[in-house]
Amino acid sequence: MAVRRYLVHGLGRVVLIAAVLPAVVVAMAVGTTLVLGAAQLGWWRWLLAALCALLTLLAGAAAAWAVYSMLDDSDVAGVGQVCAWVLLVAAVFACVGTWAQLTLDRAPPVTCEVTRITEREETSGNSTRTVYDHDLECVGGYPTRYTDPSVQANAGERLTLLVDPDRVLGSEVPGAVEANRGSSPWVSGGLLGVYFLLATARGVYWLRTEFRP
């Protein structure tokens with residue numbers, strides 16, 4: 001009877017680690033994105049988003065630790081590291097897809113005329129990349145500039161952007177946003193599937209060794 005009780009407890013632990021915790025992490029990441037992009041709270045949304053992001057990181061750390069708790073062999077410790085990175089990237093892609101959907105919902109297309117293109121180097125940390133500033137004349141006067149790693153339209157040509165009238169979301173090229181909206185959920189779901197398979201496999205192995213007669 002005691003063995004059965006502990007076995008049920010072990011199965012519940014595996015389900016929690018393999019399915020519940022990753023779902024919570026991704027849901028909290030999506031919630032953080034929604035707060036940052038959709039909440040009408042003024043500057044308070046930044047504080048709330050920071051709190052949500054912290055809770056998301058804590059939930060992710062709990063999930064990673066939970067996987068490690070089933071790893072009693074140093075030879076398979078890499079499974080826990082892979083699960084942690086897979087979960088992190090899945091949450092990032094979920095945020096990208098959510099932000100893309102927000103942009104499509106809240107930012108109507110605006111056609112602007114490109115008046116000038118300026119090439120410059122942009123440095124971030126130890127990496128440098130070339131970006132192109134597109135000076136714009138748009139209906140309503142906003143935006144006045146769009147920056148992208150590639151030339152989207154030459155001077156004198158027209159460029160269509162998704163523009164948030166509340167200026168909460170940045171202006172984006174429709175094609176890129178639609179691509180992110182279409183691909184990000186699939187990538188995030190696929191990575192969650194990888195996490196689930198790895199964590200479940202490790203959990204089953206842990207159960208077999210923990211409750212070996």
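Which residues make the nonpolar surface patch of about 430 Å²? In this predicted model, the patch is made by L48, L51, L54, L55 and L58. The briefing below takes up that patch, then the buried cores, the cysteines and the salt bridges.

**Nonpolar surface patch**

- L54, one of the residues of the patch of about 430 Å², is found in helix α2.
- The relative accessibility of L54 is 45%, and because partly exposed covers the range between 20% and 50%, L54 counts as partly exposed.

**Nonpolar cores**

- The largest nonpolar core has 17 residues, of which I17, V25, A63, V67, L87 and Y195 touch the most other members.
- Two or more residues of this core come from each of the helices α1 (2–38), α2 (44–68), α3 (77–106) and α4 (174–210).
- When residues up to four places away in sequence are not counted, A63 touches L21, L87 and Y195.
- Another core, which lies apart from this one, consists of eleven residues, including V110, C112, L136 and V163.

**Disulfide and other cysteines**

- A search of the whole structure finds one disulfide, and it joins C112 to C138 with an S to S distance of 2.0 Å.
- C112 belongs to strand β1 (residues 109–124) and C138 to strand β2 (residues 127–138), so the disulfide ties together parts of the chain that are 26 residues apart in sequence.
- The disulfide is right-handed, because the torsion about the S-S bond of C112 and C138 is about 110°.
- Both ends of the bond are buried: C112 has a relative accessible area of 0%, while C138 counts as buried at 12% relative accessibility.
- Elsewhere, C83 is buried, with a relative accessible area of 1%, whereas C95, with a relative accessible area of 22%, is partly exposed.

**Salt bridge between D164 and R106**

- Eight salt bridges are found in a search of the whole structure, and one of them pairs D164 with R106, the closest N and O atoms being 3.7 Å apart.
- D164 lies in the loop between β4 (158–162) and α4, and R106 lies in helix α3, so this salt bridge ties together parts that are 58 residues apart in sequence.
- Both D164 and R106 are buried.

**Salt bridges of strands β1 and β2**

- R116 and D135 meet through their side chains in a salt bridge with an N to O distance of 3.0 Å, and this pair links distant parts of the chain, with R116 in strand β1 and D135 in strand β2, 19 residues apart.
- The two partners fall on opposite sides of the burial cut-off of 20% relative accessible area, because R116 counts as partly exposed at 47% relative accessibility, whereas D135 counts as buried at 11%.
- The side chains of E122 and R129 also meet in a salt bridge, again with an N to O distance of 3.0 Å.
- E122 is partly exposed, with a relative accessible area of 27%, and R129 likewise counts as partly exposed, at 43% relative accessibility.
- Through salt bridges that share partners, R116, R120, E122, R129, D133, D135 and R145 are joined into one network.

Technical notes: Residues numbered from 1 in each chain as written. Predicted model: local features only at pLDDT ≥ 70, side-chain atom pairs only at ≥ 80, totals over all residues. Heavy atoms only, no water. Core = buried A, V, L, I, M, F, W, Y, C linked by side-chain atoms within 4.5 Å. Buried < 20%, exposed > 50% of the residue type's maximum accessible area, 1.4 Å probe, protein only. Helix = DSSP H or I, 4+ residues; strand = E, 2+ residues; numbered from the N terminus. Contact = heavy atoms within 4.5 Å. Patch = residues over 30% accessible without salt bridge, like charges linked within 9 Å, V, L, I, M, F, W, Y side chains within 5 Å. Areas by Shrake-Rupley, 256 points an atom, 1.4 Å probe, with all protein chains shown as cover. Salt bridge = Lys/Arg side-chain N within 4 Å of Asp/Glu carboxyl O. Disulfide = S-S within 2.5 Å.
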